[in-house]
Amino acid sequence: MGFFDFLHKTQSIDENGKFKSRLSSRDKISELDEIISQIHMNLGNNYKDEAQRELKKFMESFQDMKEKGMLNEKQLLVYGEELSELKERMQGFTHKDQKPYWH
């Protein structure tokens with residue numbers, strides 16, 4: 001991950017840990033923004049299982065809205081990009097694969 005990728009990631013979360021959408025206020029979808037905020041909060045607290053549950057919820061909600069034609073082109077782009085980035089970031093992010101190291 002390059003410097004600019006890091007900068008982009010930090011800008012999508014505000015000082016309270018809430019997701020800051022790059023969409024205008026009229027294009028924001030509060031349901032999706034809230035789910036994304038929960039994912040980032042769980043990632044920050046290392047709540048792996050809960051983060052995965054929220055990611056699944058985000059994928060399902062996004063897909064449902066997409067299929068029903070509820071998203072405009074800009075929303076599809078921004079939320080689709082966020083979904084792709086989260087899926088990539090969270091690949092293998094689970095407690096079941098964590099190796100215990102007690103010495």
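Trainee: Let's start with α2 and α4: are they roughly parallel or roughly antiparallel to each other?
Mentor: Keep in mind that this is a predicted model. Helix α2 spans residues 30–44 and helix α4 spans residues 73–89, and they pack at an angle of about 20°. Angles under 35 degrees count as roughly parallel. So the word for α2 and α4 is roughly parallel.

Trainee: How far apart are the axes of helix α2 and helix α4, then?
Mentor: Look at how the two pass each other: α2 crosses α4 in a left-handed way. For this pair, the distance between the axes is 12 Å.

Trainee: Which residues of α4 make the contact with α2?
Mentor: Start on the α2 side, where Leu32, Asp33, Ile36, Ile39, His40 and Leu43 take part. By class, the whole contact has 6 nonpolar, 1 polar and 3 charged residues. Over on α4, the partners are Tyr79, Glu82, Leu86 and Arg89.

Trainee: Zooming out, how many helices does the protein chain have?
Mentor: Follow the chain from the N terminus and the elements run α-α-α-α. There are 0 strands in the protein chain. That leaves you with a helix count of 4.

Trainee: Now for charges. How many salt bridges does a search of the whole structure find?
Mentor: Side chains of opposite charge can pair when their charged atoms come close. One of these pairs is Arg26 with Asp27, whose closest N and O atoms are 3.8 Å apart. For the whole structure, the search gives 4.

Trainee: Is Asp27 buried or exposed?
Mentor: Its partner Arg26 has a relative accessible area of 72%, so Arg26 is exposed. For Asp27 the relative accessible area is just 5%. Buried means under 20%, so Asp27 is buried.

Trainee: Which residue in helix α4 pairs with Asp27, and how many residues apart are the two?
Mentor: Asp27 also forms a salt bridge with Lys74, their closest N and O atoms being 3.9 Å apart. Asp27 sits in the loop between α1 (3–11) and α2, so this pair links distant parts of the chain. Lys74 itself is partly exposed, with a relative accessible area of 45%. The α4 partner and the separation you asked for are Lys74 and 47 residues.

Trainee: Which residues are joined into one network by salt bridges that share partners?
Mentor: First, here's another bridge: Arg53 and Glu50, with closest N and O atoms 2.9 Å apart. Both of those lie in helix α3 (residues 48–67), 3 residues apart, about one turn of the helix. The network built from shared partners consists of Arg26, Asp27 and Lys74.

Trainee: Let's look at Asn42: which residues does Asn42 touch, not counting residues up to four places away in sequence?
Mentor: Asn42 is in helix α2. Its relative accessible area is 3%, so Asn42 is buried. Leaving out residues up to four places away in sequence, Asn42 touches Tyr47, Glu50, Ala51 and Glu54.

Trainee: How far apart in space are Asn42 and Gln52, C-alpha to C-alpha?
Mentor: Along the sequence, Asn42 and Gln52 are 10 residues apart. In space, C-alpha to C-alpha, the distance is 8.9 Å.

Trainee: One last thing: what percentage of the residues of the protein chain count as buried?
Mentor: You've already met two buried residues, Asp27 and Asn42. The protein chain has 103 residues, and the share that counts as buried is 33%.

Conventions: Residues are numbered from 1 along each chain as its sequence is written. This is a predicted model: local features need pLDDT of at least 70, side-chain atom pairs count only at pLDDT 80 or more; totals for chains, interfaces and linings use all residues. Side-chain values use heavy atoms; hydrogens and water are left out. Axes are lines fitted to C-alpha atoms, for helices over the stretch in contact, and angles run from 0 to 180 degrees between N-to-C directions. Angles under 35 degrees count as roughly parallel, over 145 as roughly antiparallel, 65 to 115 as roughly perpendicular and the rest as oblique. A crossing is left-handed if the near helix is turned anticlockwise from the far one by less than a right angle, and right-handed if clockwise. Contact means heavy atoms within 4.5 Å. Ala, Val, Leu, Ile, Met, Phe, Trp, Tyr, Cys and Pro count as nonpolar, Asp, Glu, Lys and Arg as charged, and the others, Gly among them, as polar. A salt bridge is a side-chain nitrogen of Lys or Arg within 4 Å of a carboxyl oxygen of Asp or Glu. Buried means under 20% relative accessible area, exposed over 50%, partly exposed in between (1.4 Å probe, protein chains only).
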